[in-house]
Structures are given as C-alpha cells and as structure tokens.
Amino acid sequence: MKINSNYLNLKDNYLFADVAKKSSEFAEKNPTVKVINLGIGDVTLPLCPEVVKAMQYAVLEMGKKETFKGYGPYQGYDFLRSEIKNYYARRNVELDLDEIFVSDGAKSDVSNILDVFSKENSVMVPDPVYPVYVDTNVMDGRKIQYINANEENDFLPLPDKSIHSDIIYLCSPNNPTGAVYNYKQLKQWVDYALDNKAIILFDSAYEAFISDDSLPRSIFEIEGANKCAIEFCSFSKTAGFTGVRCGYTIVPTELTFEGNSINNLWFRRQSTKFNGVSYVVQRGAAAVFSSEGMNQVKENINYYKENAKLIAKVLTERKIYFVGGKNSPYIWFKCPDGITSWEFFDFLLEKAYVIGTPGSGFGKNGESFFRLTSFGERTDILNAAGRLKNVL
Ligand code: MLT
C-alpha cells in the first residue's frame, strides 16, 4: 500500500489552521483579553428571515408522509436552479438548467472539478492566491506556474502571452486582495484561454459585494467565456451560508475539450461521487432570490461593506497602501515599516488584540501584506478600527 506522496509536498498546515492555532495559543495565555477575529472570512450575521422561514417550512414538509423527500436530483432541484438561471438572466447571461449544478459550496467544487482534468495539465494561478487552488493541484502533482499580482498591477495580473497554461484560476472580487477585474481585463483572460485552448476556473464567490455596476459579476458576461470557462459561486458570503453549506457551479454545454463535453464529464463525476445538497438547504437557498430575500441579504452585505469602509478609513488616514474593501469584504494592505506578514500578525495580536491573515500565507507576493475581513460585528469592527489607528 502506498500513500499519495504528493501530499508530502504540501505545507504542514492549511493557512487558516495555522492562524487558528496561533490565535488560540494567545487566548490561552491571555484569558482576560478580548481578541477580535478578522482573520478567516467567516460571516457573523445570522441567516435572513426569508431563508429561515423557507427552511422551517421545508423541515415541516420533510416531517409529513405526503411531502417527504428522499434523494434529490443530482444537479439540484429545479426550483433552485430556475432561481439561479433567472439571477443570471438579470445580467443578460442566458443559462440552461442543465448547465447549473448545485453543490455544498465553492471550495468543494473548485477542488473536485480537477477529477475531470488530466494530471498532465499545467496550471496557472495568480500569486497571492486562495491556498485551496494551489494545494489541490499539489495533491494531484500538477505543475503550477504563478503570475505576479502586486502593487504595479494593483493586484490584477493580466495574461502573459509568452507562457502557455492549460488550467487558469481567477477569482474576482479576489480573495485575498479584494481587487476586481473590469470587463476589458476579463476579456483579455478569455481571449488568452481561447488562444491557448485552456480552461478558466472562475471563482465568483464574492460577486454579491460588487456594487459598481460597471464591473462584471460573472465571467459569462464576457463574450466567448462559455467556450473556455467554468464558474463557481456560493451562498456562503452572499447569504451567510458558511455553516449551512450551499453553492453552485456553472458548466456551459458548449465547453468541450478533445471532443468531450465537460458538462457531461462533470455530471458523471457528481452523480457518482455526490448525492446532492439537502432539500431543506436548497429551499433556504432559493429563498435568497425572492424579492424580500434579496433585500434582506443586500442589507447584510451593506452592513459588511460599511464595516470595510471603517477599516479602510483608518488605512487612508495613516497613508497605508491598500486594495479591496469597496466591492469586496476583504481589505489587503501593506504592512508598515517593511516588516514581514507574520511579524505584523504577531504585532497586531499582541498590541491591538486583532487577528488578521498574513499575506505571505497566500503566496510570495503576499509577503509584507496583510488581509483583514469586514465580516465582523459592528462593535468589534469599531473597536478593531480604533485599536488599529492607535498602533499604526
Ligand atoms: C477565507 O477566509 O479566505 C475564506 O473564508 C475561505 C473560504 O471561503 O473557504
């Protein structure tokens, strides 16, 4: 029996596990201190009333013989996929129901999709990047090439035509930087993918934070993307589903490689390895798209965006370079005095009792940068902003 030795090439710990360990060590040593956690991007506001109502009703249905449900459809219930289809139609993106796959979240699908691609493919990821894209490819032993995201390109790298890659990861609004691609920039990526017969894996988990209508929320708003892209989205950040678990993946029927439909391969993979998301959760997710549901989740998103403004104000006042925080829940800023990200992590924890995420955990270009999330409660954010102001 042999293990998958690619696992030995991974870093010892998943980034957020490292942050959690350091934070709990500090809390143990300093039991009277109130530490504010703006590290992992986890929501703090509860589910909105429309979602709760729909889930409660669904639970009652499950408790009655006439309305009880067993296994659901592999791709998700039509009632939810129709809502997703209509949501995209509002941005003039026409989808077929067959192109929509309901899942338990973007993180799972962005990893699982690799099942349908050869391990011989080369992979391109921006640096800094959400560590899941890198780690899942290391697990499979794929060759990874990095493209630099940095201050010069405002953390929005564009394709380098001299480098070929088969699988490209893009995330916009970006995790960790909060930077957002515009139409022209995304078009360059789509053209590059088409020229290279490559596929773009587009993570749009933070699309609901875009309030600037001139920015694309979906890669499928770009012409040609249905021939070269898959999109992953989630209710986690949009509607507070981090603990509930629901997301969706769009695999266009026009997407073919070597004469094979990726949509068919993905259906084959999902129907073999996944039994779907629970009926109750899918009812809750569908309620997000009702007009009341939309208003309620928007209210929550605006609350987080107001939080982001409060943090951004401190950085502006202190003349610290940052991106994000406008169309994104993440604020990505330069550590003062050129200190490393982990040094700044310790400094902020010890002097301000605030936890953030060290930029270097997202890649070498993240060194000397730091990420704060705006998902905290308002009083915590106000306190964190005050403490940040004092120590910066
Ligand atoms: C993050 O903090 O980057 C996210 O919460 C991670 C995730 O969504 O899995």
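The ligand is surrounded by Phe16, Ile40, Gly41, Lys107, Tyr130, Asn175, Tyr206, Lys237, Tyr330 and Arg371, a residue being counted if one of its heavy atoms lies within 4 Å of the ligand. The model is predicted, with pLDDT of at least 70 needed for local features and 80 or more for side-chain atom pairs, whereas totals for chains, interfaces and linings use all residues. Residues are numbered from 1 along each chain as its sequence is written, and side-chain values use heavy atoms, without hydrogens and water.

By class, the shell comprises five nonpolar, two polar and three charged residues; Tyr counts as nonpolar, Lys and Arg as charged, and Gly as polar. Polar contacts (pairs of N or O atoms within 3.5 Å) link oxygen atoms of the ligand to the side chains of Tyr130 at 2.5 Å, Asn175 at 2.8 Å and Lys237 at 2.9 Å. The protein buries 85% of the 270 Å² that the ligand exposes when taken alone, with accessible areas from the Shrake-Rupley method and a 1.4 Å probe.

The protein chain is divided into domain 1 (5–47 + 292–391) and domain 2 (69–290), with bounds from an automatic or database domain assignment. The C-alpha centres of domain 1 and domain 2 are 25 Å apart. In domain 1, 36 residues are in contact with 46 residues of domain 2, contact meaning heavy atoms within 4.5 Å. The ligand lies between the two domains because both give residues to the shell around the ligand.

Note on methods. Polar contact = N/O pair within 3.5 Å; in protein donor to acceptor, adjacent residues only side chain to side chain.
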